[in-house]
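Here is a quick tour for anyone opening this model for the first time. Have a look at it, and then we can walk through it piece by piece.

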Amino acid sequence: MKKIWAWGALIFGLLYFTLPLIGMTNFSLKMRRGEYSFDAYGKVFSDPRFQETFTYSIMQALFTIAFGVLLVVPTAYWVRLKLPRLRPYIEFITLLPLVIPAIVIVFGYIRLYNTSSWLPLTGSIAGTNVLLMFGYAILALPYMYRAVDTGLRTIDIATLTEAAQSLGAGWATILGRIILPNVLVAVLSGAFLTFAIVIGEFTMAALLNRPAFGPYMQLLGANRAYEPAALAVIAFGITWGCLGLIQLVSRFQKSAPPKA
Amino acid sequence: MSFLTLTNIQKSFGPVQVVHGFDMAIEKGEFVSFLGPSGCGKTTVLRMIAGFETPSSGSIVINGKDQGTLKPNQRNIGMVFQAYALFPNMNVHDNVAFGLKVAGAPKAETDTRVKQMLSLIKLEHLADRFPYQLSGGQQQRVALARALAVKPQVLLLDEPLSALDAKIRVSLREEIRQIQQQLGITTVFVTHDQEEALSISDRIVVMNGGRADQIGTPFEIYNTPATRFVASFVGTLNIIEAKVADPATGAVAIGNQQVSLKEQIAGMKGGDPISLALRPEAGSIADSAKGDTALTGEVVSTSFLGSVIRTKLRIGGDVISFDMFNDPGLTPPTFGDNVTLRFAAKDLLVIRE
């Protein structure tokens, strides 16, 4: 009897999750009257604004990942190695982006970095791009920090650091050749999550008026019928692709499998 | 002048002082073991030599150079850790080559040196393996090769055998000693295993409560322990509580029996309590046993340990153990037997605090 309930709950959950997706995918394929086609996808891919916004968001994602890795890996490493008492506070700080809405952050940015401020980042396109990248890094911080911190927990960083030091290595060598390669899988997990967040983010890009993929999706959704559904399927595909890559890279870890 | 000199080293963590006035001079090529229980400060002293801890006061001089201001990566000290500490992302070859690459050695020279080191530890065939594909003993040998590859001026071994099983421990400690003698490298070895320290060291420092209780050769440490702690920590030792009967003749009373130490007991008077120590292997109950001193006691238990038979005797208020070599013709005493234990008076040591 218990099994029937369990199976029932599972099937209900799967239907609840997949039916809208199936419906949306089905709708996205019905642009041509009376038959299934990829016309909506073709239109989306051939739209120059899609290419422009998608490329922009990919570039933003890559810079955000690079900045996030440079910020988070040394910080998480140093906190674990030298400042373990500060860990709860650092964790709290990294969780703040989950409770502070993006709109609050971006209005804060606009107030702080407007053209009449001491650092007028919004006064130029490059400056605004940098500001948006910082914003994305903040939004991705909880995921990146947790992923890296979990990765650091799996290795004995104190002993590895001392072993490397006794062999003549300085901090840059230790971070670059010992710590980073050993948490690479964790860093990649954080990177793919960051990528998914940046590709779909709307609020910051829209309010900073940058040509990102999120505002493009919103714009298309307000004016077209089939293309937004196709775009949503594409966005889902990108996110799932990222999750699949996280699973894939975790298989390439060159260390002992965790003990049961 | 000694190669490695530690002078009046003190170390405190907050209000807790863990090392008190530690002095030591180690000659070039010497193998010195720091022996003591957990928390005695032996690893802290080792870590101060490596540069991972800074002494609260005192100086560390290696080959005439004060190490005080040098960072760990500037000291050219090889270190082997209890937890192996091989880099998981590198194979055996790259682990051993790491220090050489950091030093900027040319690739050909690095490869030659790595081959030499792997040949030294007899693991040339495992150069492409990753650490997780090696056994504990193999990992520790690679860690040793990695530490030696950079030709360090001092090799530090921090309980390198503790995580290994008993058989590997014995074979690897012999291998470490052989390699150390072959290379003539000054080595400091930290252990809490007295057998390990006794078997491979030129000298042993027995540490207790952050102090060096005794520094000496294994022979000296075992046979003439300077303090009660050294006597009890190194080897198995019977402590017998007695009373001075006549300090001039060295006579002492153990329960209602009297024996003579055959030498004057300085600084004591008749009736003073005195602690005596006797190694289990120093006595025998065989009729043919030689010895100028004898004590009679009642057998409390007899344990068969393979090569030896350990018997416990109640003498006075103490229970003391003694060992006999196993012999098929031997009839071990049984519970309740009254036997006479014979030994040489010189083996009965007076223990000072």
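In which sense do strand 15 and strand 18 of chain B pair, and over how many bridges? They pair in the antiparallel sense, and 6 bridges hold the count for strand 15 (residues 293-304) and strand 18. Before going further, keep in mind that this is a predicted model.

**The sheet in chain B**

That pair belongs to an open sheet of 4 strands in chain B, ordered 17-16-15-18 and with antiparallel pairing. At the edges sit strand 17 (318-325) and strand 18 (338-343) of chain B, each pairing on one side only. From one strand to the next, the twist averages 50°.

Here are the pairings, each with one pair of facing residues where the strands meet.

| Strands of chain B | Sense | Bridges | Facing residues |
|---|---|---|---|
| 15 and 18 | antiparallel | 6 bridges | B:A294 and B:R342 |
| 15 and 16 | antiparallel | 6 bridges | B:E298 and B:R314 |
| 16 and 17 | antiparallel | 8 bridges | B:V308 and B:F325 |

Two of these pairings come as hairpins, and a glycine with a positive phi turns up in both. Between strand 15 and strand 16 of chain B there are 3 residues, and B:G306 in that hairpin takes a positive phi near 90°. The hairpin of strand 16 and strand 17 of chain B has 2 residues between the strands, and B:G316 in the turn has a positive phi of about 60°.

**Two domains and a shared core**

Stepping back, chain B is divided into domain 1 (4-227) and domain 2 (238-350). Taken over C-alpha atoms, the centres of domain 1 and domain 2 of chain B are 40 Å apart.

Now for the inside. The largest nonpolar core has 153 residues, and the ones with the most contacts inside it are A:V148, B:I49 and B:L156. Helix 6 (residues 125-153) of chain A gives the most to this core, with 15 residues. Where does the core lie relative to domain 1 and domain 2 of chain B? It lies between them, because both domain 1 (4-227) and domain 2 (238-350) give residues to it. As a bit of background, nonpolar side chains in soluble globular proteins tend to be buried together.

B:I49 is a handy place to zoom in. Leaving aside its neighbours within four places in sequence, B:I49 is in contact with B:I60, B:I77, B:V154, B:L156 and B:V188. One of those partners, B:L156, is also on the list of residues with the most contacts inside the core.

**Chain A and where it touches chain B**

Chain A is a helical affair: its secondary structure comes to 12 helices and 0 strands. Its C-alpha trace spans about 75 × 65 × 30 Å along its principal axes. Of the 260 residues in chain A, 34% are buried. Take the contacts in chain A between residues at least 6 apart in sequence, and 75% of them join residues at least 24 apart.

How many residues does each chain bring to the contact? Chain A brings 19 residues and chain B brings 20 residues. On the chain A side, helix 7 (157-166) and helix 8 (171-182) each supply at least two residues. The largest share comes from helix 7 of chain A, with 6 residues. Sorted by class, the side of chain A that touches chain B has 8 nonpolar, 8 polar and 3 charged residues.

How values were computed: Residues numbered from 1 in each chain as written. Chains lettered and ligands numbered in written order. Predicted model: local features only at pLDDT ≥ 70, side-chain atom pairs only at ≥ 80, totals over all residues. Contact = placed C-beta atoms within 7 Å. Nonpolar A, V, L, I, M, F, W, Y, C, P; charged D, E, K, R; others polar. Buried ≥ 20, exposed ≤ 12 C-beta atoms within 10 Å, placed from the backbone. Domains from an automatic or database assignment. Pairing = 2+ DSSP bridges. Axes fitted to C-alpha atoms, helices over the stretch in contact; angles between N-to-C directions. Core = buried A, V, L, I, M, F, W, Y, C linked by C-beta atoms within 7 Å.
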